[in-house]
Amino acid sequence: MNILLTGGAGYIASHTLISLLESGYGAVTLDNYSNSSPEALRRVKQLTGMEFKAVEGDAQDRELLVRIIRENNIEGIIHFAGFKAVGESVEKPLMYYRNNLTSTISVIEAMLETGVRNLIFSSSATVYAGDNLMPLTESARRECINPYGWTKYMSEQIIRDAAKAHPELSCVLLRYFNPVGAHPSGLIGEDPSGIPNNLMPYICQTAVGIRDHLTVFGNDYNTPDGTGVRDYLHVCDLAEGHVKALAYALTRSGCDAVNLGTGTGYSVLDMVNAFERVNGVKVPYVIGPRRAGDLDECYADPAKAEKLLGWKAKRGINEMVCDAWNWQKKNPKGYKD
Ligand code: WQD
């Protein structure tokens with residue numbers, strides 16, 4: 001069975017691609033490489049020894065999607081493609097709404113035109129409102145505070161409504177918590193362009209000497225050590241969650257939202273300390289002011305994923321920080337090396 005991965009050269013998509021190929025699926029990737037590198041796909045071929053087709057193009061292009069589906073007998077789509085920088089989305093909201101929503105609509109239209117029924121959507125815990133009690137279940141109140149989050153919220157709604165209008169569709173909305181780490185080979189990993197927004201790539205770039213120090217955004221939160229608590233999830237666990245979600249989608253029709261998180265929260269300093277302890281490297285840091293919009297804590301109730309998909313995260317904090325560092329030290333400049 002052949003699966004189309006939009007945004008297929010991206011961080012989470014390239015790890016999911018490995019899991020799909022190793023699970024016996026065929027795959028086609030579609031990526032315009034605006035925020036990723038074809039080198040990631042070359043390395044997936046090197047790692048797995050398996051072939052797959054890589055198409056360069058834009059997931060907003062419905063005709064291109066239809067052509068890829070027809071030419072490759074696609075039976076399911078995992079829709080990763082989208083802009084994902086929170087700060088940039090505040091500066092350029094229309095660019096985010098146009099790109100992220102048009103691609104979601106184009107994917108669904110192409111599915112309806114060709115009879116593809118199965119869709120896995122890359123959503124995010126960012127759709128949850130900031131006043132929910134922890135841990136977050138899928139029925140927690142949803143509200144966003146930036147255009148990026150709203151594009152995920154709105155894409156979920158577009159998919160939900162399409163599934164209502166077309167009962168043959170089978171959709172799973174995967175709400176990622178905080179993906180970190182890399183494939184244990186160190187050949188593929190997170191390669192943010194410019195200054196990293198997220199904690200783990202910033203820690204890695206500090207440890208390898210690209211950044212002078214980490215700034216901890218506030219230590220006066222209502223958490224055990226005062227720094228922000230998040231549900232960090234190994235990207236390989238996340239990848240395996242997509243394969244489980246696809247297998248589930250093939251058994252039924254309808255639309256479900258599912259959290260992909262470990263259910264365990266770690267603070268910023270927990271991550272820094274684990275990174276230093278496991279990897280034997282120093283991560284100099286200073287305590288700075290809070291970052292606007294950050295929550296004290298955010299972590300998942302992962303029960304539905306286990307019940308519905310038969311998925312549970314297996315990798316702990318030590319593997320997360322070890323594999324993140326293994327990628328960074330082997331690729332100090334990411335795929336540009
Ligand atoms: C984690 C913690 C920061 C950087 C974001 C997106 C969300 C999702 C996951 C896509 C927080 C602290 C961070 C730094 C720091 N992405 N931090 N210094 O904000 O939980 O979620 O990534 O869907 O949409 O919002 O992740 O890694 O940015 O921050 O102290 O230089 O690390 O305050 O407590 P976040 P993050």
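Biologist: What makes L199 and the ligand a polar contact?
Modeller: An oxygen atom of the ligand sits 2.8 Å from a polar backbone atom of L199. A polar contact is a pair of N or O atoms within 3.5 Å, so this pair qualifies. This is a predicted model: local features need pLDDT of at least 70, side-chain atom pairs count only at pLDDT 80 or more, and totals for chains, interfaces and linings use all residues. Residues are numbered from 1 along each chain as its sequence is written, and side-chain values use heavy atoms, leaving out hydrogens and water.

Biologist: Which distance puts the side chain of Y148 in polar contact with the ligand?
Modeller: An N or O atom in that side chain of Y148 is 2.6 Å from a ligand oxygen atom. For S124, a polar side-chain atom lies 2.9 Å from an oxygen atom of the ligand.

Biologist: How much of the ligand does the protein bury?
Modeller: The protein buries 87% of the 680 Å² that the ligand exposes when taken alone. These areas come from the Shrake-Rupley method with a 1.4 Å probe.

Biologist: How many residues surround the ligand?
Modeller: The shell has 18 residues, and the closest are Y148, L199, R230, R291 and D294. A residue is near if one of its heavy atoms lies within 4 Å. Strand β8 (residues 214-217) gives the most, with four residues.

Biologist: Why are W150 and Y153 called edge-to-face?
Modeller: The search of the whole structure finds five aromatic pairs. For W150 and Y153, the ring centres are 5.0 Å apart and the planes at 70°, so the pair is edge-to-face. Rings of Phe, Tyr and Trp (its six-membered ring) pair if their centres lie within 6.5 Å; planes under 30 degrees apart count as stacked, over 60 as edge-to-face and the rest as tilted. Both residues belong to helix α6 (residues 147-165), where being three residues apart separates them by about one helical turn. Helices (H or I, at least four residues) and strands (E, at least two) are DSSP runs, numbered from the N terminus.

Biologist: What makes β12 and β14 edge strands?
Modeller: Three strands form an open, mixed sheet in the order β12-β9-β14. Strands β12 (266-267) and β14 (297-298) each pair on one side only.

Biologist: How do you know that β9 pairs with β14?
Modeller: Two bridges join β9 (residues 229-230) to β14, and the strands run parallel. Pairing needs at least two bridges found by DSSP, so the count suffices. In β14, C298 is the bridge partner of R230.

Biologist: What makes the peptide bond between M134 and P135 notable?
Modeller: This bond is cis, with omega about -5°. P135 lies in the loop between β5 (118-124) and α6.

Conventions:
A polar contact is a pair of N or O atoms within 3.5 Å; within protein, one must be able to donate a hydrogen and the other to accept it, and residues adjacent in sequence count only if both atoms are side-chain atoms.
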